[in-house]
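Me: Could you take a close look at one part of this protein with me? I'd like to go through a single helix slowly, and then hear about any enclosed space in the model.

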Amino acid sequence: MNLNLYGFGPADDRQWIIVDVGVTFGDLTTPGIEVIAPDPEFLVGENLLGIVLTHAHEDHIGALGWLWDKIKAPVFATPFTAFLIREKLREAGVDDADITEVPLNGNVKLGPFDIDYITITHSIPEPNGLAIKTPLGTILHTGDWKIDEEPITGQPTDIAELKRLGDQGVLAMVCDSTNVFVEGRAGSEAGVREELEKLIRTFKKRVAVACFASNVARMDSVMRAAMACKRQVCLVGRSMHRMLAASRHVGLLQGIPDPISEGEAANFKPHQVLYLCTGSQGEPRAALSRIADGNHPQVKLKEGDVCVFSSRVIPGNEIAIRSLQNRLSDLGVEIHTERDHPGIHVSGHPCREELKDMYQWVRPAISVPTHGERRHLLKHAALAAELGVPRQVTPRNGDMVRLAPGLPEIIDEVPSGRLFVDGGMLVPEASEALRERRHAAHNGMIFVAFALNSKNQLASIVDVRGLGLAFENEDTISDQLESLCATVEKALKAMPNEARDDDETVETVVARVVKKAAQAIWDRRPIVETIILRT
């Protein structure tokens, strides 16, 4: 969920650029929430010159449509990224975006910021580092990167330009920390293509391959491996088709025929088809989950078919992926993963040897680790110190770092946080709706309904119903709810007559006695919703 700000000038006249506007995704701690965006509250009223995007992964561009009304500014991106953000903004109903396509290795000038795009390699087309030049020094913002001397799409990392920057002097490098704990190097996509072809050639029935749709190099590898094995490729999942369109738009996937449709695939023999699917992380609405559940209208996997996961497990997705693979196994589908075949996936982020190379080329005066958890940033800072970088700063979300003039240090903390996309709306992280949803998920809910007449006396029975409460059998829960009815009736009768005149007071009393009783019965304090009818 990347949203980086670079500012120049005194506090009362500071100019800003944004680098990347990404999302992250919900988990078991955010029930009902799939998409989470950064909160740009700090930027309201600030002098924002532009939004500069490094590449098209969702954690770098995914929040642009959601936050557009809050951060409107000219947008700059290379052609592949620009194609995808136009689609994204169109889906969000945004029609007033000023988007400038920047050529590869191009330049953007925004006030005091003179920004050069530097070609790097990653797991998506057109990834870029940014050399942000200012009157007080140059910052290299690496974005996401790795070193791949044989990339399937695009050019290799522009090492000569990185060395040239280092020779000119780099004030600070803001650098990817994702694989800082991993020794060695990430490996090349060219090797993945070879391993995938070898593996797919051994299968005799239907093959489904799951990978990240944004990894166009992996799409290229899988599609060419299918061609070599005389299989027709069928894309399954909306994101796959979107990435295919963006790739064709910028001239990628040359020499690969158009995929067949899902309907056409059903007419081919099993050994003649390869399905390239979204859903490698177990996402419930993605193509592979629908296939595993038997809910896909046209794609079916059967006994003896194969599913290859050409992807890594993103931390936090272990349970969802394991569930998906178990459901596929129940269908009789063979599962093949990176654990079984180490060469069928490589990371898009730099391991320790690649980080050492980058520091040797760039030689920054300051290291600012980014893109990782807290332990990654601290480990990265320690590595930078070992490599002779004079200064390291490891900020937390919201920290404002002064890089120059003077020694680098954290000088302020600005408003930051997360906004949840809930029911098509942006709501604060601490919203009452999500708090109640979490509470209900752990403790259940109880509904209490009754009528009071004009004299504030009970004019009906007390009706109590529960959701999410454990019971041994129907008789048990019936007795327990009956007991709660008696508890509520007793509490209402014990209230002074004038107190029953106020609905809020009545609701407070009912909630208190019901929660206390529920604690004794279920060891839970459920949400209590009281419905009072006045006759």
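What follows is a walk along one helix, with a short look at a cavity afterwards.

Reply: Happy to! Please keep in mind that this is a predicted model. Let's take helix α12, which covers residues 374-386. Its 13 residues reach 19 Å from the first C-alpha to the last, close to the 18 Å expected at 1.5 Å a residue.

Now for the side chains. Which residues of α12 are buried? They are His376, Leu377, His380, Ala381, Leu383 and Ala384. Looking down the axis of α12, you find these buried residues within an arc of 160°, so they line one face of the helix. The general background is helpful here: an α-helix has 3.6 residues a turn, so residues three or four places apart point the same way. On the other side of α12, Arg375 and Glu386 are exposed.

What do the buried residues of α12 pack against? Their partners are a helix, α11 (352-362), and the strands β12 (172-176), β18 (366-370) and β19 (391-392). After α12 comes Gly388, with a positive phi near 90°.

As for enclosed space, the structure holds one cavity of 30 Å³ or more. The largest cavity has about 60 Å³ of space. Its lining includes Asp176, Thr370 and His371, along with Asn2, His60 and His141 among others. By class, the lining of this largest cavity has seven polar and three charged residues, and no nonpolar ones.

Technical notes. Residues numbered from 1 in each chain as written. Predicted model: local features only at pLDDT ≥ 70, side-chain atom pairs only at ≥ 80, totals over all residues. Heavy atoms only, no water. 1 Å grid on protein atoms, 1.4 Å probe; cavity = no way out; pocket = protein on both sides within 12 Å on 5 of 7 lines; lining within 4 Å. Points joined across faces, edges and corners; volume = space filled by probe spheres on them. Nonpolar A, V, L, I, M, F, W, Y, C, P; charged D, E, K, R; others polar. Helix = DSSP H or I, 4+ residues; strand = E, 2+ residues; numbered from the N terminus. Expected span 1.5 Å × (residues − 1). Buried < 20%, exposed > 50% of the residue type's maximum accessible area, 1.4 Å probe, protein only. Arc of directions from axis to C-beta. Contact = heavy atoms within 4.5 Å.
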